[in-house]
Amino acid sequence: MPRTALRICPLCEATCGLTLTIEGTTVTGARGDRDDVFSRGFICPKGAAFGALDADPDRLRTPLVRRDGRLQEATWEEAYDAIAAAVPALVREHGAQSVGVVLGNPNVHTIAGALYPPLLLKALGTRNLFTASTLDQMPKHVSSGLLFGDPFAIPVPDLDHTDFLLLLGANPLESNGSLCTAPDFPGRLKALRARGGTLVVVDPRRTRTARLADRHLAPRPGSDALLLAALAHTLLAEKLAAPGALEEHTEGLGELAAALGSFTPEAVAPACDLAADDIRTLARELAAAPTAAVYGRIGSCTVEYGTLASWLVDVLNILTGNLDRPGGALFPLSATSGAPRPAGPGKGFALGRWSSRVSGHPEAKGELPTSALAEEIETPGEGRIRAVIAIASNPVLSAPDGDRLDRALAGLDFMVSVDPYLNETSRHAHVVLPPPPPAQSAHFDFAFNGFAVRNQARYSPAAIPLEEGRMEECEIHARLILAVSGLHGAPPEAVDERVIADSLARAVTEPHSPLFGADPEEQARLLSGRTGPERRLDMMLRLGPYELTLEDLRQNPHGIDLGPLRPRLPGVLRTRSGRIELLPDPIAAELPRLRAALADRPAGLVLVGRRHLRSNNSWLHNVPALTGGSNRCTLQIHPQDAGRLGLTDGGRARITADGGSLEVPVEVTDTVRTGVVSLPHGWGHDRAGARLSVASGSPGANVNQLLDGSRLDPLSGTAVLNGFPVELTPLP
Ligand SMILES: Nc1nc2c(c(=O)[nH]1)N[C@H]1C(S)=C(S)[C@@H](COP(=O)(O)OP(=O)(O)OC[C@H]3O[C@@H](n4cnc5c(=O)[nH]c(N)nc54)[C@H](O)[C@@H]3O)O[C@H]1N2
Ligand SMILES: Nc1nc2c(c(=O)[nH]1)N[C@H]1C(S)=C(S)[C@@H](COP(=O)(O)OP(=O)(O)OC[C@H]3O[C@@H](n4cnc5c(=O)[nH]c(N)nc54)[C@H](O)[C@@H]3O)O[C@H]1N2
Ligand code: SF4
Ligand SMILES: [Mo]
């Protein structure tokens, strides 16, 4: 008899609740859980393919260990023996910096990825940390760090209540949203319009999201910071700025007008390739809306002025009085975020506390640019990275210049991959530790609940018991930490019990903690949970603002609704001043560079990316149900540009940029504006040694091979993945 089980979908940031149909130990179906307190039955084609993804025959079932140059199946014990033999010895000989840690996107979609990497980094003592953030949202962390003193204090648009949404560089109809966790984002945008609200989309492509909008502006890629600066300038020049109650919590309002003085709509219009009047009108509408939110994502982050654009998004939310008010942009409060501390000055946010060894890139949030990983491995000298621990990451495809990274990884003394697939990156590992398929893992969204448009908490226990021979991903991480620390063989629970003891000992001394003054050992005994990570979750819930317990979540399998987002200022602020620092020094120092960009008039073509609803970065091309149709790696180009260059729909072209060149199929479409071409990322599954039988059949081209890693947003170290110049030639 088939049974059902609930599972929060881990495939994108929308975190939909799924109802899985299970026959024996196989997931045979997935539908939206109509009773889920947050997603209310929504599902997309990726969630619907959960069963196929879970059962992908190419998923690794056992660890792999390199012997005689070849990766071979091994026992868990052999795998950890190999790690324990290699890593501590390397660290002894070459120092802590000789180990690099690379963390990929799915870490924010697993309990293991949330709870263990910080412990791994501490155990290793390395500063060589590279993550998907510097290919993605680091500009938002940096701007929030500078503005609010906390890189995780990222306001999200109050989608369900706003009257006006200005959305830049995001395509939630395909991506389902990012840094704005909102199951059924499309439905929420439609509801916004149905209640009389206005949606304005800024995107060089006429995306499905743009088609839903009241207005679509298609600027030249990379120019969002200029556009946003002109919007802010207009608000200030026309006396439309009305920060209201925010004024009391904000420093630097007075200096802003002078800092943005040169960015008039007329001055930015040519570089943005927009009409000055349209910019002015937009500013006036934004100011006039009863409530409004400005929201920018990938297309405004992974660009040359990504941090400035991210900063200006919140400058606009502040100038219009929309930050921290219902209908505007608010700070979520997740159930595991720790009890709110009293308002007051904090430690502030520092950038560049150390720098990368080879190119001297400043750290941001403790990370170095992933674009710099290859040179840190290849360049000889003291502090060279000789070993890499890669967890849920595929930088050979997701980061600039995969060919160079490919060579660099191949030359490492030692590499560990925690990954379910033998893919473009993990094929270089000496040890691959495969996590179980998602149906066999419990789930809780530590990361995304902090960016959700509604406060809520949901927990899914594993839907299927762990298959014989498998190891839970949390245990994989815990054992990895022990193995690199010279504690190989110690019980993995010891890692969690240590965290629990330390956290409780601290909590009982903090006056704002719900456990202030309690006995930490007694509190530890109260924790429920079958495993270490469950006990940690229980503890974090108890220490959180809603004082929930794991048992509460178990009693409410469809989730607990914690209500709409509410104002949280000044409590969230952790700046040294205890106020919003509107014009922080590192930002002010960047403005001359933006001023110089006013003169930019790139004559040639520039490239932007795109996502497809049935894709997810580099790792879903191996599921037949999710490939094919329009989910293809084609170069989209406007008919005028195609005609001028002699390119035809269905033909082929050679595309060349700083980092190299590729041959790609051409798709002529007027959904991209003139002067812009679009190629999706995550393709290029044609490297020997991977085990991706479906993906390798239609490998596509790796767009990141067009980059050499030198184009970065300097403040955040984020790679410029959108808006870089390319050249095209037709191929016969
Ligand atoms: N040109 C261009 N490049 C881009 C982007 C772009 O827009 N344009 N987008 C960037 C963005 S936003 C991101 S986030 C990065 C993503 O960059 P990465 O994180 O490097 O890439 P993913 O494709 O998400 O790879 C995830 C890896 O995790 C593995 N994995 C899947 N599930 C699990 C699991 O449960 N546990 C573990 N341990 N591993 C798992 C997969 O097999 C895969 O190897 O790519 C970036 N690259
Ligand atoms: N189906 C699917 N969903 C996903 C993913 C996936 O790969 N596939 N990846 C997940 C991840 S890791 C992330 S981070 C999120 C990202 O989610 P989104 O931020 O929504 O990312 P995209 O869909 O890439 O949309 C970025 C848009 O920016 C536009 N753009 C490019 N350059 C510029 C520019 O200079 N200015 C402006 N204004 N726009 C520009 C592009 O044309 C594109 O439409 O999606 C997540 N969800
Ligand atoms: S929208 Fe995202 S979370 Fe929801 S079903 Fe689709 S992939 Fe899963
Ligand atoms: Mo991402």
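Proline 570 sits in the loop that runs between strand 19 (560-564) and strand 20 (580-581). What is the form of the peptide bond from leucine 569 to proline 570? The bond turns out to be cis, with omega near 0°. That is worth a second look, because most peptide bonds are trans. Like everything else described here, this bond belongs to a predicted model.

Two other spots in the backbone also catch the eye, and here the angle to look at is phi. Most residues other than glycine have a negative phi. Threonine 15, though, has a phi near 55°, a positive value in a residue that isn't glycine. Threonine 15 is part of the loop between strand 1 (3-8) and strand 2 (17-23). Is threonine 15 buried or exposed? With a relative accessibility of 1%, threonine 15 counts as buried. Asparagine 176 has a positive phi too, about 65°, and again the residue is not a glycine. Asparagine 176 is found in the loop between helix 7 (172-175) and helix 8 (185-194). At 2% relative accessibility, asparagine 176 is another residue that counts as buried.

Threonine 15 and asparagine 176 both turn up again around ligand 3. Which other residues surround ligand 3? The rest of the shell is made of Cys9, Leu11, Cys12, Ala14, Cys16, Phe42, Cys44, Lys46 and Gly47. Sorted by class, the shell has seven nonpolar residues, three polar ones and one charged one. The charged one is Lys46, because lysine belongs to the charged class. As for the space that ligand 3 takes up, that space is the largest cavity.

Zooming out, the protein chain is divided into three stretches of structure, and they are not all continuous in sequence. Domain 1 is pieced together from 64-126, 351-490 and 558-563. Domain 2 takes in 159-326 plus 571-595, while domain 3 is the single run 602-731. How far apart are the C-alpha centres of domain 1 and domain 3? The answer is 27 Å. The contact between these two domains takes 23 residues from domain 1 and 27 residues from domain 3.

Serine 371 gives a close-up of a buried site. Serine 371 lies in the loop between strand 14 (329-330) and helix 16 (373-378). With 15% relative accessibility, serine 371 counts as buried, because the cut-off for buried is under 20%. Apart from neighbours within four places in sequence, what does serine 371 contact? The list is Pro400, Gly709, Leu712 and Ala719.

Leucine 129 tells a similar story, this time from a strand. Leucine 129 is found in strand 7, which covers residues 129-131, and is buried, with a relative accessible area of 9%. Setting aside residues up to four places away in sequence, leucine 129 touches Val101, Leu103, Leu121, Gly366, Glu367 and Leu368. Leucine 129 and leucine 373 are 244 residues apart along the chain, yet their C-alpha atoms are separated by 9.1 Å.

Helix 16 also holds glutamate 378. Glutamate 378 is partly exposed, with a relative accessible area of 32%. Not counting residues up to four places away in sequence, glutamate 378 touches Arg384, Arg404, Arg407 and Ala408. Two C-alpha distances help to place this residue. Glutamate 378 and leucine 235 are 143 residues apart in sequence and 49 Å apart in space. Glycine 411 and glutamate 378, on the other hand, are 33 residues apart in sequence and 8.1 Å apart in space. Glycine 411 itself lies in the loop between helix 18 (402-410) and strand 16 (414-418). At 49% relative accessibility, glycine 411 counts as partly exposed rather than exposed, because exposed means over 50%.

Aspartate 649 falls on the other side of that cut-off: with a relative accessible area of 53%, aspartate 649 is exposed. Where is aspartate 649 found? Its place is the loop between helix 25 (639-645) and strand 23 (652-657). Beyond the residues up to four places away in sequence, aspartate 649 touches Val666, Glu667 and Val668. Of these, valine 666 is 17 residues from aspartate 649 along the chain, and the two C-alpha atoms are separated by 5.5 Å.

Technical notes:
Residues numbered from 1 in each chain as written. Chains lettered and ligands numbered in written order. Predicted model: local features only at pLDDT ≥ 70, side-chain atom pairs only at ≥ 80, totals over all residues. Heavy atoms only, no water. Near = heavy atom within 4 Å. 1 Å grid on protein atoms, 1.4 Å probe; cavity = no way out; pocket = protein on both sides within 12 Å on 5 of 7 lines; lining within 4 Å. Sits in = over half its atoms within 2 Å of the grid points. Helix = DSSP H or I, 4+ residues; strand = E, 2+ residues; numbered from the N terminus. Buried < 20%, exposed > 50% of the residue type's maximum accessible area, 1.4 Å probe, protein only. Contact = heavy atoms within 4.5 Å. Domains from an automatic or database assignment.
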